[in-house]
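Please read this briefing beside the sequence and the coordinates. It goes from the overall fold to pairing, packing and charged contacts.

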Amino acid sequence: MKWSFATIGAIMLGLTGLSVIVLFQNLTTKNEQDYYLIKEVTEASMLEAVDKAYYRSTGELKISQEKFVENFTRRYIASATYDFTGYSIEFYDIIESPPKVSIRIINKTNVTTKYQTSENDQFDIVNQLDAILYMKS
């Protein structure tokens with residue numbers, strides 16, 4: 001009889017541990033995917049926003065701020081794979097020459113459930129990226 005209770009306890013402890021691991025894995029995996037998505041989209045948008053006429057005449061890189069913001073939002077929305085109601089994109093530093101951008105994307109979490117009651121616990125996951133475009137000589 002005592003071994004059956006010990007076995008049930010071990011199984012319950014294992015299931016609890018597994019659920020905690022799965023919860024944190026989902027959060028960290030999503031955060032890592034978001035970071036690499038921001039990185040790739042930023043690089044592609046900066047390359048597409050380069051002012052080619054200015055580069056041909058002076059030999060220096062310069063991006064168009066409006067073109068970068070438009071390209072970034074278009075690419076990010078097309079590539080992201082989650083619900084778009086709980087995030088915000090902030091461009092808080094865009095320098096045209098030399099090309100540098102600073103982006104912050106804030107993801108809001110959904111309602112959590114604890115002990116079979118729904119609570120409105122929300123927290124923000126913030127991904128921030130600073131990118132500089134330079135020319136290899």
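The points below are grouped by topic, after a short summary.

This is a predicted model, and the mean pLDDT of its protein chain is 82, with 80% of the residues reaching 70 or more. The chain has three helices and five strands, and in sequence order these follow the pattern α-α-α-β-β-β-β-β.

**Overall fold and confidence**

- Of the 137 residues in the protein chain, 24% count as buried, while the accessible surface comes to about 9,800 Å², of which 58% belongs to carbon and sulfur atoms.
- Among contacts with a separation of 6 or more, 51% are accounted for by residues 24 or more positions apart.
- Confidence varies among the elements: helix α2, residues 52-58, has the highest mean pLDDT, at 91, whereas strand β3, residues 112-114, has the lowest, at 57.

**Strand pairing**

- Strand β1, covering residues 87-95, pairs with strand β2, covering residues 100-108, in the antiparallel sense and over eight bridges.
- These two strands, β1 and β2, form a hairpin with four residues between them, and Pro98 lies in the loop that separates them.
- The peptide bond that leads from Ser97 to Pro98 is cis, with omega near -5°.
- Two residue pairs can be followed along this hairpin, for Ile95 has Lys100 as its bridge partner in β2, and Ile89 has Ile105 as its bridge partner in β2.
- Strand β2 also pairs with β5 in the antiparallel sense, over nine bridges, and within β5 it is Leu129 that stands opposite Ile103.

**The nonpolar core**

- The largest nonpolar core holds 20 residues, and those that touch the most other members are Phe68, Phe72, Tyr76, Val101 and Ile105.
- The elements that give two or more residues to this core are α1 (2-48), α3 (65-79), β1, β2 and β5 (124-132), and α1 gives the most, with four residues.
- In soluble globular proteins, nonpolar side chains tend to be buried together.
- Which residues surround Ile105, once those up to four places away in sequence are left out? Ile105 touches Ile38, Phe72, Tyr76, Tyr87, Ser88, Ile89, Ile125, Val126 and Asn127, and this list includes Ile89, the residue whose bridge partner in β2 is Ile105.

**A buried asparagine**

- Asn127 has its place in strand β5, and is it buried or exposed, given a relative accessibility of 6%? Asn127 counts as buried because this value is under 20%.
- Leaving out residues up to four places away in sequence, Asn127 touches Asn31, Asp34, Tyr35, Ile38, Ile103, Arg104, Ile105 and Asn107.
- Ile38 is touched by Asn127 and is also among the residues that Ile105 touches.

**Salt bridges**

- How many salt bridges does the structure hold? It holds four, and three of the pairs are described here, beginning with the side chains of Arg74 and Glu48, which meet at 3.3 Å, N to O.
- That pair links distant parts of the chain, with Arg74 in helix α3 and Glu48 in helix α1, 26 residues apart.
- The side chains of Arg75 and Glu48 also meet in a salt bridge, at 2.2 Å, N to O; Arg75 lies in helix α3 and Glu48 in helix α1, so this pair ties together parts that are 27 residues apart in sequence.
- Each of these side chains belongs to a residue that counts as partly exposed: Arg74 has a relative accessibility of 45%, Glu48 has 28% and Arg75 has 26%.
- Salt bridges that share partners join Glu48, Arg74 and Arg75 into one network.
- In another salt bridge, Asp93 and Lys100 have their closest N and O atoms 2.9 Å apart, and Asp93 counts as partly exposed, at 27% relative accessibility.
- Lys100, which forms this salt bridge with Asp93, is also the bridge partner of Ile95 in β2.

Key. Residues numbered from 1 in each chain as written. Heavy atoms only, no water. Buried < 20%, exposed > 50% of the residue type's maximum accessible area, 1.4 Å probe, protein only. Contact = heavy atoms within 4.5 Å. Areas by Shrake-Rupley, 256 points an atom, 1.4 Å probe, with all protein chains shown as cover. Pairing = 2+ DSSP bridges. pLDDT = per-residue confidence, 0-100. Core = buried A, V, L, I, M, F, W, Y, C linked by side-chain atoms within 4.5 Å.
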